[in-house]
Amino acid sequence: MILPMLFYLLMVLSLIWSKAPSLSLSGLQKELPFLLVPLAFMLAPQLSRASLYRILRNYSWFMVAYALVFLIRAVLRYVISKDSSVFFYHNLVTEELNAIYISIFSSLALMYFVAQKTKSTCTNFAFIVLFVFVVMLSSKSIITIDVILIIAYYAFFAAVPKGTKTVTILSVIAFVVCSFVFVEQVRERFLIEYETAFVDNTLNTKIGNGNVYNVSLHQAWTQQKFEENHFFPGTALRVFQVRIFNEMMNEQPVFWTGFGLEASQDQIKAKIKEHGLYGNYGDFNYHNQYVQSFSDLGILGFLFVVLLVIWNAKNAFISKDFLHIAFAITMIILFLSESFFCRQRGIVFFIVLYCMFQCADLKKTKQ
């Protein structure tokens, strides 16, 4: 519980050297759960594993209801508009809610139903609803993580006959492959990364009027000047953001301190302008929590994030609890593609589950 509280203390200290004190002060309000939630768990009676699983059960069933609401909403919108895009990505849950975050929240509930030892008709229905929902949300990283975790569960945790394991694993893989082959919106989300990764300036047929070009990974890392009609697919954008972070570290003496909590965004905007990109790219954060914390809080901020996920993963594997392991692995991988602590929903999700799992695991160790 002390580790996230010390992390928050570092955020407070960054006010001293922040290059944007007003942004840092605002960020401290958003990041307050890192202080208050662990403190609440320290003062409250220790959470039993039975209580933990009651919470996760209720959470998971409410996520099923949440998924059904949006799926029904999409059907109604499709009846009116005849536009199949209403079933996918941000269109399914609105851009404000964000498909990536809803995918993450849904995935934990999905893993709860995967881990049920006794599968009833209701739990199978819940699993199918959430799995379809996650695939339709079309987050490449979350779909990949979830498929790997489901395979891992049936390979190493499930106490079921070998034939059942094989059928389940093959069914999950077949569903994902069929979604990829037959569902255009899902296929395009994956293919644009593959088709643009190593070939420079491929034509983007979905944006503009034949005058927008995709940036390859090589271009993102090496090209000095871009044009406003250059488009960065997800992976290329993240490579470019790591690159400009590296440039900032070389150009400014902020290795030990960072720019201050929430103060990196102005530096990103300056780099976007320097490289000639379309101005709206300056509104994107690093999309990498490790890099985000390093840029905002220096090497100590980076180390705190690494320690949080390592400590969480260590206790998860000691407990041999599948849900805790799934949460730990998801966070480690997700932090490579999302600045999860830049939104309060991400902060609250992470710190509440982090604290719950640590408390429950500690009690199990004592017993």
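**Entry 1. Largest pocket**

I began with the walls of the largest pocket, where helix H5 (89-93), H6, helix H8 (140-156), helix H10 (184-196), strand S1 (202-203) and helix H12 (234-251) each supply at least two lining residues. I note here that the model is predicted. Which element gives the most to this lining? H10 does, with nine residues. I then looked up the space inside, and the largest pocket holds about 1700 Å³. Its lining counts 50 residues. Nearest the centre I found Tyr89, Lys140, Arg189, Phe231 and Gly234. I sorted the lining by class and got 17 nonpolar, 21 polar and twelve charged residues.

**Entry 2. Second largest pocket**

I moved to the second largest pocket, with a volume of about 630 Å³. It is lined by 29 residues, and Val114, Ala115, Gln116, Lys119 and Tyr153 are the closest to its centre. I listed the elements that give two or more residues to this lining: helix H4 (49-81), H6, helix H7 (121-137), H8, helix H9 (162-182) and H15. How does the lining of this second largest pocket divide by class? I have 19 nonpolar, five polar and five charged residues.

**Entry 3. Cavities**

Next I turned to the closed spaces. How many cavities of 30 Å³ or more does the structure hold? I found three.

The largest cavity has a volume of about 80 Å³. Its lining includes Phe7, Met11, Glu31, Leu261, Glu262 and Phe341. Helix H1 (2-13) and helix H14 (289-319) each supply at least two residues of that lining. H14 gives the most, with five residues. By class I wrote down six nonpolar, three polar and three charged residues for the largest cavity.

The second largest cavity comes to about 70 Å³. Among the residues that line it are Ile104, Leu108, Asp146, Phe327, Met331 and Phe349. Helix H6 (99-114) and helix H15 (322-334) are the elements that give two or more residues here. The classes for this second largest cavity are seven nonpolar, two polar and one charged.

**Entry 4. The sheet**

I looked up the strands. There is an open sheet of three strands in the order S1-S2-S3, with mixed pairing. Which strands are at the edge? They are S1 and strand S3 (230-231), and each pairs on one side only. I checked the join between strand S2 (residues 213-214) and S3: two bridges, with the strands parallel. Tyrosine 213 has histidine 230 of S3 as its bridge partner.

**Entry 5. Nonpolar cores**

Last, I went to the nonpolar cores. In soluble globular proteins, nonpolar side chains tend to be buried together. Here the largest nonpolar core has 85 residues. Phe340 and Phe350 have the most contacts inside it. H6 brings the largest share of this core, 13 residues.

What does phenylalanine 340 touch, leaving out residues up to four places away in sequence? I listed Tyr101, Ile104, Gln289, Met331, Leu334, Phe335, Gly346, Ile347, Phe349 and Phe350. Apart from the largest core lies another, of 23 residues, including Ala20, Met249, Phe259 and Phe294.

**Entry 6. Cross-check**

I went back over names that recur. Ile104, Met331 and Phe349 line the second largest cavity, and phenylalanine 340 touches these three residues. Gln289 is in the lining of the largest cavity, and phenylalanine 340 touches Gln289 too. H6 gives residues to the largest pocket, and H6 also supplies 13 residues of the largest nonpolar core.

Conventions. Residues numbered from 1 in each chain as written. Heavy atoms only, no water. 1 Å grid on protein atoms, 1.4 Å probe; cavity = no way out; pocket = protein on both sides within 12 Å on 5 of 7 lines; lining within 4 Å. Points joined across faces, edges and corners; volume = space filled by probe spheres on them. Helix = DSSP H or I, 4+ residues; strand = E, 2+ residues; numbered from the N terminus. Nonpolar A, V, L, I, M, F, W, Y, C, P; charged D, E, K, R; others polar. Pairing = 2+ DSSP bridges. Core = buried A, V, L, I, M, F, W, Y, C linked by side-chain atoms within 4.5 Å. Buried < 20%, exposed > 50% of the residue type's maximum accessible area, 1.4 Å probe, protein only. Contact = heavy atoms within 4.5 Å.
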